[in-house]
Amino acid sequence: MDLFMQQLVNGVTLGSLYALIAVGYTVVYGIVQLINFAHGEVFMIGAFGALGTWSYLLGESTSIWVLPIMIIGAVAASTGTAVIMERFAYRPLRHAPRLAPLITAIGVSVFLQEAVRLFYPGAKSKLPFPQIDVVTGPAFKLGGVVIQRAALFTVIALVICALLLWLFVNRTKLGRGMLAVSQDPDTARLMGINVDRIIVVAFALGAILAGVAGVAQGLQNSNIDFRIGFLAGLKAFTAAVLGGIGNIEGAVVGGLVLGVVEALVTQYTQYLPFGLSAFGGSSWKDVWTFALLILVLVFRPQGLMGARVVDRA
Amino acid sequence: MNTSTLPNGARGTTAVTVSRPSMQWYLTLAGVVLLIVGSLLSWCYDEGVLGNVSLNVNPGPIQVFMIVIAVLTLFFLLLRGGLFPVLDRLLDSARALRALGATATAFMVAVVIVIALQTSGLANADPGVFVALVGAALITWGSWSLASDPTVDPVSVHMRGWVDILVIVALLAIVLFGAAYALGQEDGTVFVLFLSVLGGVSLALARSGLFSWIRVIAQRHRQVLMLGAFAVAFLFPFTQNGSDANMSIATQVIIFATTALGLNIVVGLAGLLDLGYIAFLGAGAYVGATLSYSAFATIHWKPPFIVVMIIGACVSATLGLIIGTPTLRVSGDYLAIVTLAFGEIFRLAMFNLDGNNGPNLTRGPNGIPAIPDLEFFGFNFGDTHSIFGIPINRFGNYYFFLLVVAAIIILVFTRLNNSRIGRGWVAIREDEKAAEAMGVNTFGLKLFAFAGGAFLAGLAGTVKAHQDVSVTPDQYVFLESAFLLAAIVLGGMGTVAGVLIGATILKLLPEKLRFVSDYRLLIFGLLLVLIMRFRPEGLVASHRRQLEFHEEDTELAEHVEHAHLEATAGSEGSA
């Protein structure tokens, strides 16, 4: 039972990270029906933004008070990237055929990865991420279950971000504008909503959460490199689809479900009968995740929550 | 295409009489003379700058480029002077002259700056460089106020067949010698300069409308063009004199182009975005490796290579069928993600099947090394053979073999494209629901596109395994799929020539531009974004494709219709 609980905790931790990134995919998709393939890179740049703030502005201090500033640095880097990306890469293609923005997204993704690798000092190999007091250090023990401090940070960050996001979307004028544009952009425009601005806001919202996720990832893994965005982005996209793309609550739920499923699969496929256990364990977990992605896309493209049915053609 | 689509009214009023050359005409002519004279003189005392431009009457490569520009300018001037009235009706010389003048001036300014920077001041510059600069400036000035002359749509001009064929042959000869010359340049700076001159000249020729004329000719004499292009590719190794460096690049280019052609069926014709295509090449390569005579091969069955090729292609095609089945339910972006996930699964599986994490099939991250060279009837691909006294080395052998494979694939591609199946694909690409309503078997055709594309990639993969000597999972990462896609997008979706050009550019440039090799992916990413922004239809666009990206362009639409009617009338006439 302890083992199961431990995997559940691991899964929720992992899932919180996926959920934070997945929101970015879902918000943008809900509004412009674009898979922002480069969103994983935004998350990666958030992590590097935090690291950069820490090493160049904060004098490499590890006291807890630097954490908020690191988060601000991360969010600034990721949001800046996302907004520039939207302005110069995606906006000119708003009315282009569907293939064009997707290919652009691949180009942006490669470009951002390489820009970080080439221009961030020392980024060609893995860089150590600072271990901040309080949020890292000795783990808590609850019965037989180990809870890392960084894991707790991730989960709390998700809860706070999700709450703020919910308030923003449902209680502010801009947030309601987002809802309106996602339902019907043309009518929203007629009602006096500045659609271009809403789209920028959507990109920025996703980037803020991705920036927070970048910090969480750094604290959890204690190092970062320029490649973390690709896999995390793909997993988070899976999470977004799982929850029903375009649906913000769905992205959070999908992230958590994906994380838990991944943790449990890693643990329990080792006990598969008939020699299938050879295909279990941590080295195959990504394969199972992608298989899940394919199955969801094929058999339940509207996701678990089934909120909106989009014509994906 | 630009010139032919401009409204005639704007042109007709500004028409100039060609009988009496104007002031500007003589001014430009003087510029040409100055440019040639200047380029024949020394540009700089220092021998080490820009690959030796310090000799009189013995021009260095850069000076040769300038002379080429000058000669081209002269050609267009004479055209304007009324020397070849037929061509003058087709080509807008004023726009070409302006582009040539701008290129020459920009180029000379750059040369002056480089000389000033590299020799610490302009004191070391010889008069020649300034004579050439003045010449270039005169060309620009003279041509700037030249009026555009009216041109006719090249579709409506019919010349004698042999003239057309002569143009094609000349063009291909230029391509062959240009390629051999460019590849022979060891100096990175000169190579870049060559490329920029090439870019400027191409721009000028495009502005003059030459390319749209050539496009029409190429459409009329498709067989001649294809045979000629094949001949050029066939003759290329003979220009290399057994040198390894360029032939290894050429072999890589041809494998890449072959794979891209397979992907072009899926993306370009059927309009299904496949982001995991490299897995099919990988599947072929792994089949080729595991069934080879390598000591590390994990399957101890050694069929002849032709059987291996067929097995590799069939394994790939089976994977293609598996990955194609979701197309029944998924399309658009979601399909792209499905294929991406599939590509990742393939790579991870190859990585894990190492005996520790699963059955031992691929030796995991170590891959299968030491794959021996191919051998057909005692002809070993590893040996150097001599044909007509010119040595053909290992890469040359593979090059010829791959050329045959590529020719087969091109044949399959074009035949499919012009068949009922190809029409079906285009219909699906443009509007799937309408196609289905018209009785097109959409699911079957989409499945066939995936399986067919995968089959071709698998075929290329088996050869690639032997040519690369080893097969490892990290050769088949997502980035390679993105590269393939970029080759298609850059060249022009759905066209053969475009994909060949795109593949060549994407493989050749990083090899030649070693000094920017660290930045090549950065440039690649940026390039992808810029193409999508400014020329989404690619360098060589099929007109129909172009129309999809510029729906509001009614003149283009009329032009496409006209060209289509012309083409069908032509084929009916010959049948």
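Which residue follows α1(A), and is its phi positive or negative? In this predicted model, α1(A) is followed by Gln33(A), whose phi is positive, near 50 degrees. The helix itself is a useful place to begin. Its 31 residues should span 45 Å at 1.5 Å a residue, and the end C-alpha atoms of α1(A) lie 44 Å apart, which agrees with that expectation. Along its course α1(A) has a kink of about 30 degrees, centred on Ile21(A), and the helix is mostly covered, with 24 of its 31 residues buried.

From this helix the reader can pass to the nonpolar interior. The largest nonpolar core has 266 residues, and those with the most contacts inside it are Leu20(A), Val212(A) and Ala487(B). Helix α1 of chain A, residues 2-32, gives the largest share of this core, 16 residues. Domain 1 (21-232) and domain 2 (244-373 + 386-483) of chain B both contribute residues to the core, so it lies between them. Leaving aside residues up to four places away in sequence, Leu20(A) touches Ala157(A), Leu158(A) and Cys161(A), and also Leu209(A), Ala210(A), Val212(A), Ala213(A) and Ala216(A).

The two chains also meet directly, with 37 residues of chain A in contact with 39 residues of chain B. On the side of chain A that touches chain B, α4 (99-119) and α11 (285-299) each supply at least two residues, and the largest share, 13 residues, comes from α4(A). By character, the residues on that side of chain A divide into 29 nonpolar, 4 polar and 4 charged.

Chain B, taken as a whole, has 24 helices and 4 strands, and buried residues make up 47% of its 575 residues. Among contacts in chain B between residues at least 6 apart in sequence, 78% join residues that are at least 24 apart.

Two isoleucines of chain B give local views of its helices. Ile410(B) is found in helix α16, residues 394-417, and it counts as buried because it has 20 C-beta neighbours inside 10 Å, where 20 or more is the cut-off. Not counting residues up to four places away in sequence, Ile410(B) touches Leu261(B) and Val496(B); the C-alpha atoms of Ile410(B) and Val496(B) are separated by 7.2 Å, although these residues are 86 residues apart along the chain. Ile323(B), in turn, has its place in helix α14, residues 305-324, and counts as buried with 27 C-beta neighbours inside 10 Å. With the same exclusion of residues up to four places away, Ile323(B) touches Thr339(B), Phe342(B) and Phe450(B), while Asp274(B), 49 residues from Ile323(B) in sequence, is 9.7 Å from it in space, C-alpha to C-alpha.

The backbone angles raised at the outset return in two loops. In chain A, Ser222(A) lies in the loop between α8 (195-221) and β4 (223-224), and its phi is near 60 degrees, a positive value in a residue other than glycine. With 13 other C-beta atoms within 10 Å, Ser222(A) is partly exposed. In chain B, Val469(B) is found in the loop between α19 (442-468) and α20 (478-491), and has a positive phi of about 75 degrees although it is not a glycine. Val469(B) is likewise partly exposed, with 15 other C-beta atoms within 10 Å.

Conventions: Residues numbered from 1 in each chain as written. Chains lettered and ligands numbered in written order. Predicted model: local features only at pLDDT ≥ 70, side-chain atom pairs only at ≥ 80, totals over all residues. Core = buried A, V, L, I, M, F, W, Y, C linked by C-beta atoms within 7 Å. Buried ≥ 20, exposed ≤ 12 C-beta atoms within 10 Å, placed from the backbone. Domains from an automatic or database assignment. Contact = placed C-beta atoms within 7 Å. Nonpolar A, V, L, I, M, F, W, Y, C, P; charged D, E, K, R; others polar. Expected span 1.5 Å × (residues − 1). Bend = angle between axes of the 7 residues up to and from the residue.
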